[in-house]
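Please take a moment to look over the sequence and the model before reading on. The paragraphs after it are meant to be read with the structure in view.

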Amino acid sequence: MPKKSSLAPVAIASVSKKALKLAKPSRAEAEAAVRTLLSWAGDDPDREGLKATPSRVVRSYEEFFAGYDQDPEEILARTFEEVAGYDDMVVLRGIRFESYCEHHMVPIIGIAHIGYLPTNRVVGISKLARVLEIFSKRLQIQEKMTAQIANTIDQVLKPQGVAVVLEGEHQCMTTRGVHRPGVNMVTSQMLGVFRENEATRKEFLSIIGHRNAS
Ligand SMILES: [Zn+2]
């Protein structure tokens, strides 16, 4: 008869979901996991060239997934109200992003266009790029990231509308699976006047040079 596990089921059940989420493995555990993947790929993790790879990969992950430790709402909280009567749309066009597909953990590289029509508050233009960066430095699917960026700007700035268009190349499509390089996935989320008013939406699409603008 197998030895009974010393870890009683009741102890597992009493750990809340949140606590499980917060129980981050140690760096040593993360490096050991990379070693396992190196062996599983068919290589020898002890050979010269791979010795420092687990620690390098873990350091890379700290950069790739830096967005989990940052709060995008906080970034947008500081706004400027003196806009000298400016009441037209603000558009940040062609911002490069690097994100990671949550299904395959490989990069999604692309560009983003973010616009909003202020009510009476504007935000420093670099803050919009920071919001994009925070959401992109997490495991993502492009549709979710597009909605998260638009909804966060909408909730914090309370503008008349928000428009977000992302164009991404998914390495899970280009380097594996169907192997289709050069294909961009385009997602867009239009809120407020950008959704309700066709002229406003077309103006935004024309500013970002989108072919659906005409
Ligand atoms: Zn994928």
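What follows is a walk through this predicted model, beginning with the chain as a whole and ending with a single residue.

The chain holds 10 helices and seven strands, and of its 214 residues, 36% count as buried. When contacts between residues at least 6 apart in sequence are considered, 67% of them join residues at least 24 apart. It is worth keeping that figure in mind, since some of the details below concern parts that lie far from one another along the sequence.

Begin with the sheet. Five strands form an open sheet in the order β5-β2-β3-β6-β7, and their pairing is mixed. At its edges are β5, covering residues 139-140, and β7, covering residues 185-192, each of which pairs on one side only. In general, the strands of a sheet pair through backbone hydrogen bonds, and they may do so either in parallel or in antiparallel fashion. Here, β2 and β5 pair in the parallel sense, over two bridges, and within this part of the sheet Cys101 stands opposite Gln140 of β5.

Cys101 also leads us to the metal site. Which atoms of the protein are donors to the zinc ion? They are SG of Cys101, ND1 of His104 and SG of Cys172, and they lie 2.1 to 2.2 Å from the ion. Along the chain these donors follow the spacing C-x2-H-x67-C, and the pair Cys101 and Cys172 links distant parts of the chain, with Cys101 in strand β2 (residues 90-101) and Cys172 in helix α8 (residues 171-174), 71 residues apart. Both Cys101 and Cys172 are buried.

Turn next to two of the helices, for which a simple calculation can be checked against the model. Helix α7 runs over residues 142-157, and because each residue should add 1.5 Å, its 16 residues should span 22 Å, which agrees with the 23 Å between its end C-alpha atoms. A number of residues in α7 are buried, among them Met145, Ile149, Thr152, Ile153 and Val156. An α-helix has 3.6 residues a turn, so residues three or four places apart point the same way. After α7 comes Lys158, whose phi is positive, near 45°.

The same reckoning can be made for α3, whose 15 residues should span 21 Å at 1.5 Å a residue, in agreement with the 21 Å that separates its end C-alpha atoms. Just after α3, Gly42 takes a positive phi of about 110°. Helix α3 also takes part in the largest pocket, which has a volume of about 1000 Å³, for α3 gives the most to its lining, with six residues. The lining consists of 25 residues, and Lys24, Pro25, Tyr61, Phe65 and Tyr68 are the ones that lie nearest the centre of the pocket. Three helices, α2 (17-22), α3 (27-41) and α4 (53-64), each supply at least two residues of this lining.

Finally, consider Ile208, which is found in the segment after α10. Is Ile208 buried or exposed? With a relative accessible area of 9%, Ile208 is buried, because buried means a value under 20%. If its neighbours within four places in sequence are left aside, Ile208 is in contact with Val91, Arg93, His113 and Val165. Measuring from C-alpha to C-alpha, Ile208 and Ala112 are 9.6 Å apart in space, although they are 96 residues apart in sequence.

Note on methods: Residues are numbered from 1 along each chain as its sequence is written. This is a predicted model: local features need pLDDT of at least 70, side-chain atom pairs count only at pLDDT 80 or more; totals for chains, interfaces and linings use all residues. Side-chain values use heavy atoms; hydrogens and water are left out. Donors are N, O and S atoms within 2.8 Å of the metal (3.2 Å for Na, K and Ca); water is not among the atoms, so sites may look incomplete. Helices (H or I, at least four residues) and strands (E, at least two) are DSSP runs, numbered from the N terminus. Buried means under 20% relative accessible area, exposed over 50%, partly exposed in between (1.4 Å probe, protein chains only). Contact means heavy atoms within 4.5 Å. The expected span of a helix is 1.5 Å times one less than its number of residues. Two strands pair if DSSP finds at least two bridges between them. On a 1 Å grid over the protein atoms alone, a cavity is a set of points where a 1.4 Å probe fits but cannot get out, and a pocket is an open set with protein on both sides within 12 Å along at least five of seven lines; lining residues have an atom within 4 Å of a point. Grid points are joined across faces, edges and corners, and a volume is the space filled by probe spheres set on the points.
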